[in-house]
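Work through these short exercises with the structure open beside you. Try each task before reading its solution.

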Amino acid sequence: MGDHVHGPGCNHGGGGHTQTIHVSDANKAPAFVRATAEYLKDAKKSGMKGRQGVFNGKRVDYFKGKNAVNALLKDSYAKLLPSDRQALTKREEAYDIINDLGRHGFILRVERGESIGGKGSPRVLQPVPAQEVREEAYYMWIWEGSQLKLYVGAAALVATILAAVLFPLWPRTLQLGVWYLSVGVLGLLGVFFGIAIIRLILYIISIVILPRGFWLFPNLFEDCGVVESFIPLYGWDEPKTKKRSNKKTPPPPAVESKEE
């Protein structure tokens with residue numbers, strides 16, 4: 001008998017749907033497959049929890065097959081599909097998408113080993129000879145995603161370092177402008193920390209002498225805009241709600257009526 005090759009419809013070896021994954025160059029992948037990979041790597045869109053492992057001494061991201069299938073069945077993924085593709089309704093259809101990711105060199109099936117530093121630390125990942133699509137299996141990202149942000153950040157860092165080194169050669173007007181700008185930024189930081197300290201002192205005093213705590217700029221550290229952080233000017237702590245007692249009040253004692 002010849003060697004068996006896993007393919008669509010093969011469901012032995014623990015049950016489930018299995019397909020062979022052939023790794024190739026991700027740069028030659030179709031735009032649809034690349035968009036799918038970007039969707040799965042985006043935790044906000046796909047909802048997939050990011051896991052980190054160690055492969056050949058490097059930190060890498062990996063995920064569980066079941067989580068990827070669930071993400072591909074979401075409405076958020078259906079919105080990314082081109083007009084010639086319909087939304088996925090069956091889990092088997094998601095297997096085909098994951099298979100495409102593997103064939104085009106985006107993912108690789110791995111097995112998890114022991115943790116490198118005890119409980120909670122990343123686990124060692126080892127590739128599996130049989131590259132099959134299974135929900136209980138784990139898959140490692142071998143595609144690092146778009147490198148545009150990395151290149152732009154590196155270029156900006158180099159430009160900043162060069163500008164700092166060549167600062168003595170700048171024109172006098174630019175040097176004065178940078179100096180005034182730095183003083184202004186430091187002044188704003190000083191004012192901000194001063195307000196934070198003053199509001200804390202006022203709050204501590206208020207909770208000692210007043211029924212409720214007093215806050216100066218109550219939205220200063222809230223997740224809002226710059227202007228909204230200073231509106232309103234002051235506020236008070238919410239009044240404490242009294243806990244209802246679970247003890248039932250005993251009924252009044254019965255008064256015996258005396259017969260005349």
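**Exercise 1. Get an overview of the fold.**
Task: find what share of the contacts with a separation of 6 or more joins residues 24 or more positions apart.

Solution. This is a predicted model. Take the contacts in the protein with a separation of 6 or more: 56% of them link residues 24 or more positions apart. Next, list the elements. There are seven helices and seven strands. Along the sequence they run α-α-β-β-α-α-α-β-β-β-α-α-β-β. Last, check burial. Of the 260 residues in the protein, 29% are buried.

**Exercise 2. Locate the largest nonpolar core.**
Task: say how many residues the largest nonpolar core has, and which elements give two or more residues to this core.

Solution. The largest nonpolar core holds 28 residues. Leu40, Leu72, Tyr77, Phe106, Ile107 and Trp141 have the most contacts inside it. Two or more residues each come from α1 (31-41), α3 (65-72), α5 (91-103) and β5 (138-141). Another core lies apart from this one. That core has eight residues, including Tyr62, Val110, Leu125 and Met140.

Now look at Phe106. Leave out residues up to four places away in sequence. Phe106 then touches Ala26, Ala29, Val33, Arg34, Ala37, Leu101, Met140, Trp141, Ile142 and Trp143.

**Exercise 3. Find the buried face of α1.**
Task: decide where the buried residues of α1 fall when seen down its axis.

Solution. Start with the list. Phe32, Val33, Thr36, Ala37, Tyr39 and Leu40 of α1 are buried. Now look down the helix axis. The buried residues of α1 stay within an arc of 160°, so they line one face of the helix. Then ask what they pack against. Their partners are α2 (43-46), α3, α4 (75-78), α5 and β5.

**Exercise 4. Repeat the analysis for α3.**
Task: name the buried residues of α3 and say what covers them.

Solution. The buried residues in α3 are Gly65, Ala68, Val69, Ala71 and Leu72. Around the axis they cover an arc of only 160°, so they sit on the same side of α3. Their cover includes α1, α2, β2 (58-64), α4, α5 and β5.

**Exercise 5. Compare two packings of α5.**
Task: work out how α3 and α1 are each oriented relative to α5.

Solution. Take α3 with α5. Their axes come within 9 Å and cross at roughly 110°. Angles of 65 to 115 degrees count as roughly perpendicular. Therefore α3 is roughly perpendicular to α5. On the α3 side, the contact uses Gly65, Lys66, Ala68, Val69, Asn70 and Leu72. On the α5 side, it uses Arg91, Ala94, Tyr95, Ile97 and Ile98. By type, the residues of this contact are seven nonpolar, two polar and two charged.

Take α1 with α5 next. Their axes are 10 Å apart, at an angle of about 100°. So α1 and α5 are roughly perpendicular to each other. Phe32, Val33, Thr36, Ala37 and Leu40 of α1 meet Ile97, Asp100 and Leu101 of α5. This contact between α1 and α5 divides into six nonpolar residues, one polar and one charged.

**Exercise 6. Classify Ile204.**
Task: decide how Ile204 counts at 44% relative accessibility.

Solution. Place the residue. Ile204 belongs to helix α7 (residues 172-209). Apply the cut-offs. Buried means under 20%, exposed means over 50%, and partly exposed lies in between. Ile204 has 44% relative accessibility, so Ile204 counts as partly exposed. Finally, find Phe214, 10 residues away along the chain. The C-alpha atoms of Ile204 and Phe214 are 8.4 Å apart.

How values were computed
Residues numbered from 1 in each chain as written. Predicted model: local features only at pLDDT ≥ 70, side-chain atom pairs only at ≥ 80, totals over all residues. Heavy atoms only, no water. Core = buried A, V, L, I, M, F, W, Y, C linked by side-chain atoms within 4.5 Å. Buried < 20%, exposed > 50% of the residue type's maximum accessible area, 1.4 Å probe, protein only. Helix = DSSP H or I, 4+ residues; strand = E, 2+ residues; numbered from the N terminus. Contact = heavy atoms within 4.5 Å. Axes fitted to C-alpha atoms, helices over the stretch in contact; angles between N-to-C directions. Parallel < 35°, antiparallel > 145°, perpendicular 65-115°, else oblique. Nonpolar A, V, L, I, M, F, W, Y, C, P; charged D, E, K, R; others polar. Arc of directions from axis to C-beta.
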